[in-house]
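Hi everyone, thanks for making time today. Let me put the sequence and the structure up on the screen, and then we can walk through them together.

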Amino acid sequence: MKRRLLIMVALIFMLNTIIFAQQPKTQNSKLKIQNAWVRPAAKGANSALYFVIENNSIKTDTLIGAESKIAEEVEVHESFKKDNDRMGMRPAGKLAINPKSEFEFKPGGFHIMLLGVTKDLKIGDKIEVVLLFKNKGKIKIKAEVSDMPITKKMKQ
Ligand SMILES: [Cu+2]
């Protein structure tokens, strides 16, 4: 009788551990990074990374930065129109990703700037970048080197 009770207690503990261990995964899946692609570049040159952030949760999260071994420096940038109608870019700061919404990084808009890539980025190659979110922490993404948005390429 006592042994059965011990087994019961052990089972409850195990169940708890399993439930708690799975919780972060469920939360992570509510913040998805889709269609990641990065422009080709020669070693030492700059490149830019684009993707769509899908926030399926009911909470705002904030993109606070990015890091990768693929470049000397990794910055979150936004493109903007200068007075003379030419485009410039600048650090975007922290970006709030609203609940139940999509946030698109695209040419002429927000992008992850890769300053001084550490190797040649050739079409078809894959690179890894970590995005840093205030609530979700780090999300590792894989991006394919492409000369056009991945979504467009898939429709052809
Ligand atoms: Cu830039």
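Before I point at anything, a word on terms: helices (H or I, at least four residues) and strands (E, at least two) are DSSP runs, numbered from the N terminus. What you see is a predicted model, where local features need pLDDT of at least 70, side-chain atom pairs count only at pLDDT 80 or more, and totals for chains, interfaces and linings use all residues. Residues are numbered from 1 along each chain as its sequence is written.

Let's start with the overall layout. The protein chain has two helices and 10 strands, and along the sequence they come in the order α-β-β-β-β-β-β-β-β-β-β-α.

Now to pairing, where two strands pair if DSSP finds at least two bridges between them. Strand E3, residues 61-67, runs antiparallel to strand E9, residues 126-133, and four bridges join them. One bridge to look at there is Ala66 with Leu131 in E9. On to strand E10, residues 137-145: E9 and E10 pair in the antiparallel sense over eight bridges, and they form a hairpin with three residues between them. In that pairing, Leu132 has Lys138 in E10 as its bridge partner.

Next, burial. I call a residue buried if 20 or more other C-beta atoms lie within 10 Å of its own, exposed if 12 or fewer, and partly exposed in between, with C-beta atoms placed from the backbone. By that count, 21% of the 156 residues in the protein chain are buried.

So which residues does Val74 touch, leaving out those up to four places away in sequence? First, please find Val74 in strand E4, residues 71-81. Val74 is buried because 20 other C-beta atoms lie within 10 Å. Contact here means that the C-beta atoms of two residues, placed from the backbone, lie within 7 Å. On that basis, Val74 touches Ala66, Glu67, Ser68, Ile112, Leu114 and Val129.

My other favourite is Ala36, in strand E1, residues 31-38. Ala36 counts as buried because it has 21 C-beta neighbours inside 10 Å. With the same sequence neighbours left out, up to four places away, Ala36 touches Leu49, Phe51, Ile141, Lys142 and Ala143. The C-alpha atoms of Ala36 and Lys126 are separated by 9.9 Å, although the two residues are 90 apart along the chain.

To finish with the whole chain: of the contacts with a separation of 6 or more, 67% are between residues 24 or more positions apart. Thanks, and I'm happy to take questions!
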